[in-house]
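Hi,

Here is the structure I promised to pass on to you. Have a look at it first, and my notes on what turned up are underneath.

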Amino acid sequence: MYRHTLYPASGNVSVCLVGTGAFGRSLLAHRVPRLDIGIAVDMDAARAAAALRAAGIPDADIAICENAETAARAFAGGRIIATGDLAHVIDLPFDLLVEATGDPEAGARHTDMAVSNGRHVALVSKEVDSVVGPGLAHVAAERGVVVTPVDGDQPSLLIDLVTWAELLGFEIVAAGKASEYDFVFDPATATLASNGEAISVPEFSRLMDLGDMEVETLIAARANAAAALPQRAVPDLCEMGVVSHSIDLLPDRSDFHCPIARITEVPTIFSTRQEGGILAGDRRLDVFHCLRLPGEVSFAGGVFVVMRCRDAESWKMLAEKGHILSRTGDTAMIYLPRHLLGLEAATSILDAVLLKRSSGAPDPTPRLDLIAVAEADLPAGTLLSASGHHHAIENVGSALIPAAPLAADAPAPFYLVANRKLAKPVREGEAIALGHLELDPNSHLLRLRKQQDAIFFNA
């Protein structure tokens, strides 16, 4: 894309990695030539050291450090540091912090610490970005450093694709991503599988192709047939909320349509109702579940943009070359069927350090808040623990609404709600407000959100 220009010919970028989960592990193992990852931080030093060993770094090159003094000596001696606290290494001479913990409170503390010490930040933790990303980027810019989303995750990839389309003058109808896990229908067994779970759905064989069926009827039938499988995931909405900081697209409905769709159906479904689709208007954000047969190509959790076809002859030619148009020919989809986690994060890291440029907007703005909505009656005293791979909260769903400053009676950001206790009960269907929560006055995330509200809302 247009962002990826040539970098200065010399000089490597020194990186401190915080969080050695899936993203961090792939970044460590990939060994990008221009990156020197000399520091790894995790919940404890042993865990960080284990990640370094798994990436092929010899034991002799790893120093497990429990304080700043031992870390400074080992770093000066050319060893790679493994530690359990960013405070032990924040004064070492690195260029950029990769924050990949996925923990909203810890991630806020780490990012704030790095920016305060004049370091660039690649903010992988969308949980943090969704609550305070624009504010962190604003403060970082005042200090002459960059806080950036990261290539390899869908927000950065989609921002890049949309801005590319806008640069070329395309009229955007919709944009979004495929969900993390495909819906795979096997006609031989009449089962539909997603994320390791399979259900018997014999009727799905007649729902596999759109044909001339009415779009909303087909989408509803597929959703009903697959009702036993999850069709909404907090991370999907969270990532699109992060996208909204950088590009002016909004959801058609607060919890998204999330249709189960074949790849070839995307530009038909994500068209306006006047064009035979499901959208009430243009410039909409959404997510779809990639429906395919075993052995068919996957969307791989990639990103897409649906654009209007203004020149029928040009798009007729492009359709003949394999590009995907809607069945009316009014819209077309351009897509990137990939998100490679840490394997492609280097472009954002190099952009931030060598070019002082974010992979998102240079001046991100809070447009949408990801909020928490009770899916059951929640009594006072309930711990809203965010757990699992998706950092979801039991009996709590999510929605995207226009961003607003914090208020006791207003919906609170989902990841500000996470891991806190309810001081008051919440009824099923009710958004969880700040006034429902037991708040820690020492919370970094809460302080940074109030700072962001002051910057953008004069609150």
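Helix α5 gives the most to the lining of the largest cavity, with four residues. Helices here (H or I, at least four residues) and strands (E, at least two) are DSSP runs, numbered from the N terminus. A cavity is a set of points, on a 1 Å grid over the protein atoms alone, where a 1.4 Å probe fits but cannot get out, and lining residues have an atom within 4 Å of a point. That largest cavity holds about 100 Å³ of space, a volume being the space filled by probe spheres set on the grid points, which are joined across faces, edges and corners. It is lined by 16 residues, and the closest to its centre are Asp129, Gly133, Val147, Pro149 and Pro364. Two elements give two or more residues to this lining: α5 (126-142) and β7 (147-148). By class, the lining has nine nonpolar residues, six polar and one charged. For those classes, Ala, Val, Leu, Ile, Met, Phe, Trp, Tyr, Cys and Pro count as nonpolar, Asp, Glu, Lys and Arg as charged, and the others, Gly among them, as polar.

Before I go on, a word on the model. It is a predicted one, where local features need pLDDT of at least 70 and side-chain atom pairs count only at pLDDT 80 or more, while totals for chains, interfaces and linings use all residues. Residues are numbered from 1 along each chain as its sequence is written, and side-chain values use heavy atoms, with hydrogens and water left out.

Back to the spaces inside. The structure has two cavities of 30 Å³ or more, and the second largest holds about 70 Å³. Its lining includes Leu123, Val124, Lys126, Asp129, Pro149 and Val242. Helices α5 and α6 (154-167) are the elements that give two or more residues to it. Here the split is six nonpolar, two polar and three charged.

Then there are the pockets. A pocket is an open set of grid points with protein on both sides within 12 Å along at least five of seven lines. The largest one has about 890 Å³ of space. Of its 36 lining residues, Gly21, Ala100, Thr101, Gly102 and His391 are the closest to the centre. Four helices, α1 (22-30), α4, α5 and α8 (234-244), each supply at least two residues of that lining, and α4 has the largest share, with three. You'll find 12 nonpolar, 14 polar and 10 charged residues around this pocket.

The second largest pocket comes to about 570 Å³. It has 27 lining residues, and Pro230, Gln231, Arg232, Ala233 and Val234 are the closest to its centre. Helix α8 gives the most here, with four residues, while β20 (392-393) and β21 (396-402) each supply at least two. The classes are 11 nonpolar, nine polar and seven charged.

While you're looking at α4 (residues 104-116), find Asp112, which lies in that helix. Is Asp112 buried or exposed? Asp112 counts as buried because its relative accessibility is 16%, and buried means under 20% relative accessible area (exposed is over 50%, partly exposed in between, with a 1.4 Å probe and protein chains only). Leaving out residues up to four places away in sequence, Asp112 touches His444, Arg447 and Leu448, where contact means heavy atoms within 4.5 Å.

Now the cores. A nonpolar core is a set of buried Ala, Val, Leu, Ile, Met, Phe, Trp, Tyr and Cys residues joined through side-chain atoms within 4.5 Å. The largest has 80 residues, and Cys16, Ile81, Val89, Leu384 and Ile432 have the most contacts inside it. Apart from it lies another core, of 34 residues, among them Phe204, Ile278, Cys290 and Ile324.

Last stop is strand β17 (residues 331-336), where five of the six residues are buried. Strand β15 (residues 303-308) runs antiparallel to β17 and is joined to it by six bridges; two strands pair if DSSP finds at least two bridges between them. Phe304 has Tyr335 as its bridge partner in β17. Strand β16 (residues 324-325) also pairs with β17 in the antiparallel sense, over two bridges, and Leu325 is partnered there with Ala332. The hairpin of β16 and β17 has five residues between the strands, and Gly329 takes a positive phi near 80° in it.

Cheers
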